[in-house]
Amino acid sequence: MVQPPTTAPSDPVPTPGLDGRTMLDPAAVTRLRQQRRADAPQPWLHGEIARRMADRLSLVRQAPTEVLDWWPERAEGTDALVAACPQARRWQVEAGDPNASIRPAPTPDKAWWRQLLDKVASSDTPAAPPVDLLWANMMLHWADPLPALLAQWHRAIRVDGYLMFSSFGPDTLRELRPIYRAAGWGEPASPCIDMHDLGDELVRAGFADPVMDMETLKLSWAGAPALLAELRSLGRNTHPQRHAGLRTPRWNQRLQETLAEQLAGPDGRLTLTFEIVYGHAFRAVTRAKVSAQTSITLDAMREMTRRRNPPEGA
């Protein structure tokens with residue numbers, strides 16, 4: 001159930017460091033990536049956000065011909081991208097791939113055994129060209145450190161190509177923080193980056209004209225068991241200050257009772273806030289930093305030269 005946004009003040013949350021330091025628990029992130037590769041139903045929320053992202057593609061004048069799906073979602077997420085770019089050739093980077101290998105995306109209507117053969121024949125996989133669109137639905141909040149991921153994205157997109165992504169914002173699950181703090185249960189959820197800081201990081205990574213947007217969703221459930229089951233489908237808590245070790249059945253019972261008591265509205269349903277951040281930016285021409293001694297890569301030099309001397313008729 002989605003309710004209208006509210007303007008209730010949220011607890012202040014410090015912005016995670018963006019200087020290359022780890023802000024998430026690496027072991028928890030690894031388990032999360034393995035979990036996302038499993039054959040499990042896609043969270044409803046991720047599919048809904050993918051559809052909203054796809055609607056924003058109508059603002060782009062030129063339809064992309066090469067699309068890279070970073071950590072592709074199952075079912076609705078992929079379907080929304082395919083419907084928005086039906087003629088584009090699709091590539092993907094799987095969540096559990098430590099090398100972030102870019103591979104051709106499977107064709108939705110291709111038989112399962114043909115898709116398996118495609119994976120086995122990896123040595124014959126063509127190299128991915130720079131893409132027109134890099135699409136990243138609801139995965140940026142699991143990136144750590146963020147600058148390294150943005151650098152990978154920058155290399156994968158052609159000049160004047162564009163990036164579209166969505167992620168959780170810092171107000172997500174804000175109702176749980178005071179509950180966990182009062183009970184001494186550690187941090188309840190992974191840290192998320194403010195959209196203004198994300199925009200600054202995009203510029204530092206070489207992207208141009210970043211456009212950031214945010215919306216607040218209120219989701220509600222009939223009871224604590226349904227709420228907790230939904231949260232588990234969205235990922236896992238990767239905060240370094242989360243509670244260490246396993247919880248007990250007694251603690252789980254206390255958690256459910258506390259949530260039922262403190263999150264219930266007048267209708268008895270339990271409600272949580274989700275802040276959704278959307279981002280869009282273009283891949284700008286590489287510019288050499290001016291200093292007493294400047295060094296640039298050969299590829300960057302070729303790129304700058306091509307842009308200064310466009311072909312006739314361009």
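E201 and R204 lie three residues apart in helix α7 (residues 195–204), so about one helical turn separates them. In this predicted model, the two residues form a salt bridge whose closest N and O atoms are 2.5 Å apart. The partners contrast in exposure: E201 is buried, with a relative accessible area of 6%, whereas R204 is exposed, at 62%. Further salt bridges that share partners join E48, R51, R52 and E215 into one network.

**Salt bridges between distant parts of the chain**

- The search of the whole structure yields ten salt bridges, among them the pair of E201 and R204.
- Side chains of opposite charge can pair when their charged atoms come close.
- R242 and D25 form a salt bridge, with 3.2 Å between the closest N and O atoms.
- Because R242 belongs to the loop between α8 (224–234) and α9 (249–262) and D25 to the loop between β1 (2–3) and α1 (26–37), this pair ties together parts that are 217 residues apart in sequence.
- The relative accessible area of R242 is 22%, and this residue is partly exposed; the cut-off for buried is under 20%.
- R56 and D213 also meet through their side chains in a salt bridge, at 3.3 Å from N to O.
- R56 is part of helix α2 (residues 44–56) and D213 of strand β7 (residues 207–221), so the contact ties together parts that are 157 residues apart in sequence.
- Both ends of this bridge count as partly exposed, R56 at 28% relative accessibility and D213 at 34%.

**Strand β2 and its neighbours**

- Strand β2 covers residues 66–70 and is mostly covered, with five of its five residues buried.
- E66, L68 and W70 point one way from β2, while V67 and D69 point the other way; all are buried.
- β2 pairs with strand β3 (residues 89–93) in the parallel sense, over five bridges.
- β2 also runs parallel to strand β5 (residues 131–137), to which three bridges join it.
- L68 takes part in the register on both sides: it stands opposite W91 in β3 and opposite L134 in β5.

**Backbone geometry**

- The peptide bond that joins D144 and P145 is cis, with omega at about 0°.
- P145 is located in the loop between β5 and α5 (146–156).
- D160 is not a glycine, yet its phi is positive, at about 75°.
- This aspartate, D160, lies in strand β6 (residues 157–168) and is partly exposed, with a relative accessible area of 37%.
- L173, likewise a residue other than glycine, has a positive phi near 60°.
- L173 is placed in the loop between β6 and α6 (176–183) and counts as buried at 11% relative accessibility.

**Internal cavity**

- Rolling a probe the size of a water molecule over the atoms shows where empty space is left.
- In this structure the count comes to one cavity of 30 Å³ or more.
- The volume of the largest cavity is about 60 Å³.
- Its lining consists of M23, L140, H141, S167, F168, P191, C192, I193 and L198.
- Of these lining residues of the largest cavity, seven are nonpolar and two are polar, with no charged residue present.

**Cysteines**

- The whole structure contains zero disulfides.
- C85 is buried, with a relative accessible area of 7%.
- C192 is buried as well, with a relative accessible area of 11%, and this cysteine is one of the residues that line the largest cavity.

Conventions
Residues numbered from 1 in each chain as written. Predicted model: local features only at pLDDT ≥ 70, side-chain atom pairs only at ≥ 80, totals over all residues. Heavy atoms only, no water. Buried < 20%, exposed > 50% of the residue type's maximum accessible area, 1.4 Å probe, protein only. Helix = DSSP H or I, 4+ residues; strand = E, 2+ residues; numbered from the N terminus. Pairing = 2+ DSSP bridges. Salt bridge = Lys/Arg side-chain N within 4 Å of Asp/Glu carboxyl O. 1 Å grid on protein atoms, 1.4 Å probe; cavity = no way out; pocket = protein on both sides within 12 Å on 5 of 7 lines; lining within 4 Å. Points joined across faces, edges and corners; volume = space filled by probe spheres on them. Nonpolar A, V, L, I, M, F, W, Y, C, P; charged D, E, K, R; others polar. Disulfide = S-S within 2.5 Å.
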